[in-house]
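Me: Got this one open in the viewer and I'd like to talk it through. Can we start with one residue and move around from there?

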Amino acid sequence: MNRTQSIWYTARACYGPLHQEAYGWEEYVRWSKLTHLSEVVSLDGMLNRLVFEPDFKAEYDWQHTVTEGVLIRPFFHSLDYVLEKTKDLETFNLLAVVKNPSETLQDLSTPFDFLGYDLIEVDGQISALTNCGGFDKSFLPRDLNEFGLIPTWKRAKKVQEDLRVDYPDELHADCDLFEVWRHKTMGRKGGN
């Protein structure tokens with residue numbers, strides 16, 4: 001068990017055939033060529049937007065928000081904080097994440113299910129896996145699981161490295177690796 005890395009929490013909109021948010025699911029599947037997905041469970045800020053707006057005029061919200069230098073991340077240090085902000089919402093993905101994890105998974109299996117690894121651009125919120133139209137030199141649609149994530153750390157790490165080498169001038173190819181877990185029941189009232 002790896003206890004040295006911080007676990008952050010977030011609540012993201014569902015995006016799949018039953019949850020059409022940004023644009024239609026069929027159009028997304030055609031564009032992305034990810035025909036095998038059951039839904040997208042990503043940290044991508046467009047496909048799976050944050051489901052609440054923190055009040056950055058309030059010190060309380062700031063103390064729970066993950067910041068890295070001048071970059072504000074849509075992640076939070078406290079699960080209780082995220083639960084408080086989502087208490088009136090019915091359907092969302094309550095996620096626990098670890099940024100740039102080691103190969104050893106966190107031990108979150110009691111309340112959360114491990115879903116896979118996402119690659120999010122270093123200075124933004126775009127997933128190289130699900131929202132860039134494909135990087136065929138580095139990975140193919142078959143490398144992603146039914147949620148649009150890479151199932152193993154070893155493969156995710158290789159794709160992260162390959163993206164930087166294969167696409168050195170592409171902003172979305174310089175990514176942080178995130179371990180992604182979804183809560184088994186909270187936020188799942190509406191089902192998938």
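Me: Is E84 buried, partly exposed or exposed?
Reply: Partly exposed: this is a predicted model, and in it E84 has a relative accessible area of 39%. That falls between the 20% and 50% cut-offs, so E84 is in the middle class.

Me: And where is E84 found?
Reply: In helix α3, which covers residues 79-85.

Me: How far apart are E84 and E170?
Reply: 38 Å in space, C-alpha to C-alpha, with their positions 86 residues apart in sequence.

Me: What about K85, where does that lie?
Reply: K85 lies in helix α3 too, as E84 does. K85 is partly exposed, at 28% relative accessible area. Its C-alpha is 9.0 Å from that of A11, and the two are 74 residues apart in sequence.

Me: Moving along, where is L89 found?
Reply: In the loop between α3 and β4. L89 counts as partly exposed at 31% relative accessibility. The C-alpha atoms of L89 and G133 are separated by 31 Å, and the pair is 44 residues apart along the chain.

Me: OK, pockets. How much space lies in the largest pocket?
Reply: About 170 Å³.

Me: Which residues line the largest pocket?
Reply: G45, R49, L50, F52, E53, P54, F56, I72, R73, P74, F76 and Q125. By class that lining divides into 7 nonpolar, 2 polar and 3 charged residues.

Me: How many cavities of 30 Å³ or more does the structure hold?
Reply: Just 1. The largest cavity has about 30 Å³ of space in it.

Me: What lines the largest cavity?
Reply: R12, L43, R73, P74, F75, I120, G124 and Q125. Split by class, you get 4 nonpolar, 2 polar and 2 charged residues there. R73, P74 and Q125 turn up in the lining of the largest pocket and in the lining of the largest cavity.

Me: Which element gives the largest share of the cavity lining?
Reply: β3, with 3 residues. That strand covers residues 71-76.

Me: I72 was on the pocket list. Where is I72 found, and is it buried, partly exposed or exposed?
Reply: I72 is found in strand β3. At 38% relative accessibility, I72 counts as partly exposed.

Me: Which residues form a nonpolar patch on the surface with I72?
Reply: F56 and W62. Together with I72 they have about 240 Å² of accessible area. F56 and I72 are also among the residues lining the largest pocket.

Me: Switching to charges. How many salt bridges does the structure hold?
Reply: There are 7. One of them joins the side chains of D113 and K184, at 2.5 Å from N to O. That pair links distant parts of the chain: D113 sits in strand β5 and K184 in the segment after β6 (175-183), 71 residues apart.

Me: Are D113 and K184 buried, partly exposed or exposed?
Reply: Both are partly exposed: D113 has 34% relative accessibility, and K184 has 38%.

Me: What does D143 meet in a salt bridge?
Reply: The side chain of R155, at 3.2 Å from N to O. D143 is in the loop between β5 and α4 (153-166), R155 is in helix α4, and they are 12 residues apart. D143 counts as buried at 19% relative accessibility, so it falls under the 20% cut-off. R155 is partly exposed at 28%.

Me: And which helix do K158 and D162 lie in?
Reply: Helix α4, 4 residues apart, about one turn of the helix. Their side chains meet in a salt bridge too, at 2.9 Å from N to O. K158 is partly exposed at 41% relative accessibility, whereas D162 is buried at 18%.

Me: Last topic, backbone. What is phi of K33?
Reply: Near 65 degrees, a positive value in a residue other than glycine. K33 lies in the loop between α1 (25-32) and α2 (59-64), and is exposed with a relative accessible area of 57%.

Me: And phi of N100?
Reply: Near 45 degrees, also positive in a residue other than glycine. N100 is in the loop between β4 (93-99) and β5 (112-121), and is partly exposed at 33% relative accessible area.

Terms used:
Residues are numbered from 1 along each chain as its sequence is written. This is a predicted model: local features need pLDDT of at least 70, side-chain atom pairs count only at pLDDT 80 or more; totals for chains, interfaces and linings use all residues. Side-chain values use heavy atoms; hydrogens and water are left out. Patches are made of residues with over 30% relative accessible area and no salt bridge: like charges are joined within 9 Å, nonpolar side chains (Val, Leu, Ile, Met, Phe, Trp, Tyr) within 5 Å. Accessible areas come from the Shrake-Rupley method with a 1.4 Å probe; for residues, only the protein chains shown count as cover. A salt bridge is a side-chain nitrogen of Lys or Arg within 4 Å of a carboxyl oxygen of Asp or Glu. Helices (H or I, at least four residues) and strands (E, at least two) are DSSP runs, numbered from the N terminus. Buried means under 20% relative accessible area, exposed over 50%, partly exposed in between (1.4 Å probe, protein chains only). On a 1 Å grid over the protein atoms alone, a cavity is a set of points where a 1.4 Å probe fits but cannot get out, and a pocket is an open set with protein on both sides within 12 Å along at least five of seven lines; lining residues have an atom within 4 Å of a point. Grid points are joined across faces, edges and corners, and a volume is the space filled by probe spheres set on the points. Ala, Val, Leu, Ile, Met, Phe, Trp, Tyr, Cys and Pro count as nonpolar, Asp, Glu, Lys and Arg as charged, and the others, Gly among them, as polar.
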